[in-house]
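Grab your viewer and work through the exercises below. Each one comes with a solution, so try it yourself before reading on.

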Amino acid sequence: MKVRITDVFLRDGLQDEAVIVSTEDKLAVADSLVAAGFTRLEVASFVNPAKVPQMGDAARVLGGLPRRHGVTYTSLALNGRGIQRAVDAGATDIQVVTSASQAHSNANAGQSIESALADLGREVARFPRIGFFAGISTAFTCPFEGAIDPEHLLRVVRAFRDMGIRDIGLADTLGTSPTEQVLASLAHVRAGEPDLTYYLHLHNARGQALETASAAVEAGIVRFDAALAGYGGCPFAPGAHGNIATEELVRHLHDAGHETGIDEDLLADAVQLAREVVLRSPALSSAAPATR
C-alpha cells in the first residue's frame, strides 16, 4: 500500500523548541526533505509571534522555498488574521486548526471552539482558490478535560465540512491516547461522515504511535504527519510529547511492505541536519524579538 507522509518538523517540530532557527537553516532542511522524496511539507504557522516566536519568520520561509513540481508546502493558521497573513505571504495550501476541547481552544487560540470555527468559516469563504484543509487538535485526549467524546469530535468535523473542507486531520496532541481509543473515535467519525478524507497527526509519549499508525493503515488511513527526529510538541498543551519520528515511521512502514516514496539514506541526512540546526541555533531568551 502507498502511504503518504507529511513532514512537519519546520512547524510543529520547532514550535516547542527553546531556540530560534534561522530562515536559512529552515530552507536547508526543506531542501533535504525534498531530496529524500517528500512531496508535502508543513513549513510554517501564521500565529502570533509574541506567543510563538519560533514562527516569526513564517513569511520569509514561505517566500524562500523553491517551487518544485509535485511538491506542496503547507502553512497553518488558527484564525482569520493568520489566514490573511498566510495568503499575503503567498500560501496556496493552508491548514485551519481548532481544538476538540474547549479548554485547549482557550489556551491555544484564545477563544472558544464555536468562536474559532465561526471566524475560520468567514475567512475560508473569502479565498475560494486556496487549498484549505483542517486539523483538529486534542481530537482524542485533552490535557485539561481528559478523553474527548467521539460525538463531540464529529460535530467539529461537520463544522469544517460545512465550510466546504473535505480533508481533515485528527491529532493526538498529547501523544497519550491508546491505539484502541484512536481507532474507535476514528471509526465513529468516518461512519458519521464517510465521504471526507482523514489523516492522523500522532505524537508519541508511550511508544504506542507506531502501533496506532499500523492499525490505522489496516483501517484504510494512508496519510500521516511526522517530524524529523521526533521533534515537536504544543506550547499550550501541558505534557505534550514529541511527534512520531519521521524516520521511525518510514522504516516501520517499509518493514511492513508499504511504499512511501522516501529514500531512507537521504532521510537520515535530513535527520542529522535537523539535529545540527537545532543545536547550533541561539536560545530563545537571547534571540532577537520576532516581529509581526
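Buried means under 20% relative accessible area, exposed means over 50%, and partly exposed covers what is in between. Keep in mind that this is a predicted model.

**Exercise 1.** Work out whether T138 is buried or exposed, and describe its backbone.

*Solution.* Start with the place: T138 sits in the loop that links β5 (131-137) to β6 (141-142). Next, the backbone: its phi is near 45°, which is a positive value in a residue other than glycine. Last, the accessibility: T138 has a relative accessible area of 0%, so it is buried.

**Exercise 2.** Do likewise for A229: which class does its relative accessibility put it in?

*Solution.* Look in the loop between β10 and α10 to find A229. A229 is not a glycine, yet its phi is positive, at about 60°. Its relative accessibility is 23%, so A229 counts as partly exposed.

**Exercise 3.** Find the buried residues of α10 and say how they are arranged around the helix axis.

*Solution.* Helix α10 spans residues 246-255, and its buried residues are T246, E247, L249, V250 and L253. Viewed down the axis of α10, the buried residues fall within an arc of 165°, so they line one face of the helix. Now ask what covers them: the cover includes β1 (4-7), α9 (209-218), β10 (223-226) and α11 (264-280). One more stop just after α10: G257 has a positive phi of about 90°.

**Exercise 4.** Describe how α7 and α8 pack.

*Solution.* Two packed helices are described by the angle between their axes and the distance between the axes. Here, α7 (residues 150-162) and α8 (residues 179-192) pack at about 45°, with their axes 9 Å apart. Angles from 35 to 65 degrees are neither roughly parallel nor roughly perpendicular, and α7 and α8 are therefore oblique to each other. Their crossing is right-handed. On the α7 side you'll find P150, E151, L153, L154, V157 and R158, which meet S185, H188, V189 and G192 of α8. Sorted by class, that contact has five nonpolar, three polar and two charged residues.

**Exercise 5.** Which residues is Q95 in contact with, leaving aside its neighbours within four places in sequence?

*Solution.* First locate Q95 in strand β4 (residues 93-99). With a relative accessible area of 5%, Q95 is buried. Beyond those sequence neighbours, Q95 is in contact with E42, S75, L76, A77, F133, A134, G135 and Y199.

Note on methods: Residues are numbered from 1 along each chain as its sequence is written. This is a predicted model: local features need pLDDT of at least 70, side-chain atom pairs count only at pLDDT 80 or more; totals for chains, interfaces and linings use all residues. Side-chain values use heavy atoms; hydrogens and water are left out. Axes are lines fitted to C-alpha atoms, for helices over the stretch in contact, and angles run from 0 to 180 degrees between N-to-C directions. Helices (H or I, at least four residues) and strands (E, at least two) are DSSP runs, numbered from the N terminus. Angles under 35 degrees count as roughly parallel, over 145 as roughly antiparallel, 65 to 115 as roughly perpendicular and the rest as oblique. A crossing is left-handed if the near helix is turned anticlockwise from the far one by less than a right angle, and right-handed if clockwise. Contact means heavy atoms within 4.5 Å. Ala, Val, Leu, Ile, Met, Phe, Trp, Tyr, Cys and Pro count as nonpolar, Asp, Glu, Lys and Arg as charged, and the others, Gly among them, as polar. Buried means under 20% relative accessible area, exposed over 50%, partly exposed in between (1.4 Å probe, protein chains only). The arc is that of the directions from the helix axis to the C-beta atoms.
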